[in-house]
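Biologist: Got a minute to go through this model with me? I'd like to start with a polar side chain and see where that takes us.

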Amino acid sequence: MSNWCENYIKAETEDNALIKRINDDMKSDLFCFDFNKLIPMPDGALDCREWMLRNWGTSNLYSAECLGDGEWHVTTANCPPYKVLEELSKRYGCKVVDSFSIETEMGAGRLVFEDGRLVEEECFG
């Protein structure tokens, strides 16, 4: 059974046109922030869960809600979508901040990526 991981993700840049482009690029028919838009799952992946863990850093995307320009609330399984955040910051050259909490007593934290690199990591609890 998975623990819910609540992620509050923000793309930070002074370039409003870039924020609009990120919002538009990340939308799909299913989600306003769809991991497949950054790192698409190949057709016919035999073990989807294993592929998601290896390529997204989490085994599922349960829901995504747009909170505003360049801000999303995304619910994942067990942990933040580390590799998706990394790719988002790399592809768009912006700072990406994820403040997350994991249900039960597993804790909370904050991840900051810039240009595809993790530059700050804090864990609480």
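Modeller: Sure, and keep in mind that this is a predicted model. Asparagine 23 counts as buried, because its relative accessibility is 11%, under the 20% cut-off.

Biologist: Which element is asparagine 23 found in?

Modeller: Helix H1, which covers residues 16-26.

Biologist: And what lies 3.3 Å from a polar atom of its side chain?

Modeller: The backbone nitrogen of glycine 70. Leaving out neighbours within four places in sequence, asparagine 23 is also in contact with Cys32, Gly68, Asp69 and Trp72.

Biologist: Okay, tryptophan 72 then. What else does that one touch?

Modeller: Not counting residues up to four places away in sequence, its contacts include Tyr8, Ile9, Ile22, Phe33 and Leu67. Tryptophan 72 also belongs to the largest nonpolar core, which has 29 residues. Along with Ile22, Phe33 and Leu88, Trp72 touches the most other members.

Biologist: Which elements give two or more residues to that core?

Modeller: Strands S1, S3, S4 and S5, plus helices H1, H2 and H3. In soluble globular proteins, nonpolar side chains tend to be buried together.

Biologist: Switching to backbone angles: which residues have a positive phi without being a glycine?

Modeller: Asparagine 78, at about 70°, and aspartate 115, at about 50°, are two to look at. Most residues other than glycine have a negative phi.

Biologist: Where do they sit?

Modeller: Asparagine 78 is in the loop between strand S3 and helix H3, and aspartate 115 is in the loop between strands S5 and S6.

Biologist: Is asparagine 78 buried or exposed?

Modeller: In between: it counts as partly exposed because its relative accessibility is 27%.

Conventions. Residues are numbered from 1 along each chain as its sequence is written. This is a predicted model: local features need pLDDT of at least 70, side-chain atom pairs count only at pLDDT 80 or more; totals for chains, interfaces and linings use all residues. Side-chain values use heavy atoms; hydrogens and water are left out. Helices (H or I, at least four residues) and strands (E, at least two) are DSSP runs, numbered from the N terminus. Buried means under 20% relative accessible area, exposed over 50%, partly exposed in between (1.4 Å probe, protein chains only). A polar contact is a pair of N or O atoms within 3.5 Å; within protein, one must be able to donate a hydrogen and the other to accept it, and residues adjacent in sequence count only if both atoms are side-chain atoms. Contact means heavy atoms within 4.5 Å. A nonpolar core is a set of buried Ala, Val, Leu, Ile, Met, Phe, Trp, Tyr and Cys residues joined through side-chain atoms within 4.5 Å.
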